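Biologist: I'd like to go through this one with you and hear how each label is earned. Can you pull it up?

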Amino acid sequence: VLHHPQGVNAVAWSPDGTTLGTGCDNKTVNLHLVAEGYRLLGTLQHSRVVRSVKWSPDSKLLATGAKEESIHIWKRAGNAYTLERTIDASSSSLWSISWCPLSRQVASGSWHADAVRIWNTKSGRRSTELRGHTSFVCSVAWAPNGRSIASGSCDDIRLWGGGSSSSCTGEEEEEGHGSNHAAEESATGGHSALSSEVACKKGTGVVWSLDWADDGKTLACGSSNQTVQLLDAAPPAGDDASCGSQALGVVKELCGHRGVVRSVAWTQRKCQTRRRLASAGDDGLVIIWQ
């Protein structure tokens, strides 16, 4: 357990397994070295409360977001981070960020929008929106295969997927980020890959955070009920899935927080002998679950 002096809104593992990042009410992102007992490596300062922290799939970029601020893209060199780009999302009161596993795009959820927004981090432009929620979107999570997105709102979880079964593996671009034009389109709905809602779960309370295990079958959920729930999100059989075809049933419930759970994050199994899950919340605790 890692103790913080104020509430923790975001927690994320770097995909290479070396670093744990936490985003806090004190307007900082804290970077902890895993191999050294989660020793504090350094902090990244923001002007507002930090609400989201996510590394790119290759661990070379870090996206952070704060209340009524831009999305910050930090370039990593060893244990040092420099600001590479900002994406203006200030009008949407950002809550959550998730990287596409297959391209340099991020999905975001926000307080002032009932849609999932997808951004191109190279151009800084918004690519598309996924609409269906009836209230603010406070959590988004791209599936490991890049072909679906989970999003959470004030009382439901929705899964987006559908039309395209084509692979999104592209050619290497600058700085080693794999993508091409076809991949960009497929990941953002250009080929209808995310055009349809394939599942929904209601009665969840406020879903503050979602994260997929790297097997693509389990979805961790942190919510206002002070627990972490592990949900069955295995893809349904067949290609004609519709809302409700995935039950999103609770596989396990983890209790340990004494406040709202704001963030959940899985390690990747390739970086750990056993998969771990981190959760963080208003009680100032970061709990590591085996």
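Biologist: Which residue in β12 is the bridge partner of Gln105?

Modeller: That's Asn120. Keep in mind that we're looking at a predicted model.

Biologist: What makes β11 and β12 a pair?

Modeller: The cut-off is at least two bridges between the strands. Residues 105–110 (β11) and 115–120 (β12) share four bridges in the antiparallel sense, so they pass as a pair.

Biologist: What is the order of the strands in the open sheet they belong to?

Modeller: It runs β10-β11-β12-β13, with antiparallel pairing. On average, neighbouring strands there are turned by 25° against each other, direction ignored.

Biologist: And why do β10 and β13 stand at the edges?

Modeller: Each has a single partner strand, so β10 (94–99) and β13 (126–131) both have one side without a neighbour in the sheet.

Biologist: Now the empty space. What makes something a cavity here?

Modeller: A 1.4 Å probe has to fit but be unable to get out. Searching the whole structure at 30 Å³ or more turns up one cavity. The largest cavity has a volume of about 150 Å³, so it clears that threshold.

Biologist: Which residues lie nearest the centre of the largest cavity?

Modeller: Arg51, Ser96, Ser209, Arg262 and Ser263, out of 18 lining residues. β6 (50–55) is among the strands supplying at least two of the lining residues, and so is β10; β6 gives the most, with four.

Biologist: How many lining residues of the largest cavity are nonpolar, polar and charged?

Modeller: Ten are nonpolar, five polar and three charged. Arg counts as charged and Ser as polar, so the residues nearest the centre belong to the polar and charged classes.

Methods
Residues are numbered from 1 along each chain as its sequence is written. This is a predicted model: local features need pLDDT of at least 70, side-chain atom pairs count only at pLDDT 80 or more; totals for chains, interfaces and linings use all residues. Side-chain values use heavy atoms; hydrogens and water are left out. Axes are lines fitted to C-alpha atoms, for helices over the stretch in contact, and angles run from 0 to 180 degrees between N-to-C directions. On a 1 Å grid over the protein atoms alone, a cavity is a set of points where a 1.4 Å probe fits but cannot get out, and a pocket is an open set with protein on both sides within 12 Å along at least five of seven lines; lining residues have an atom within 4 Å of a point. Grid points are joined across faces, edges and corners, and a volume is the space filled by probe spheres set on the points.
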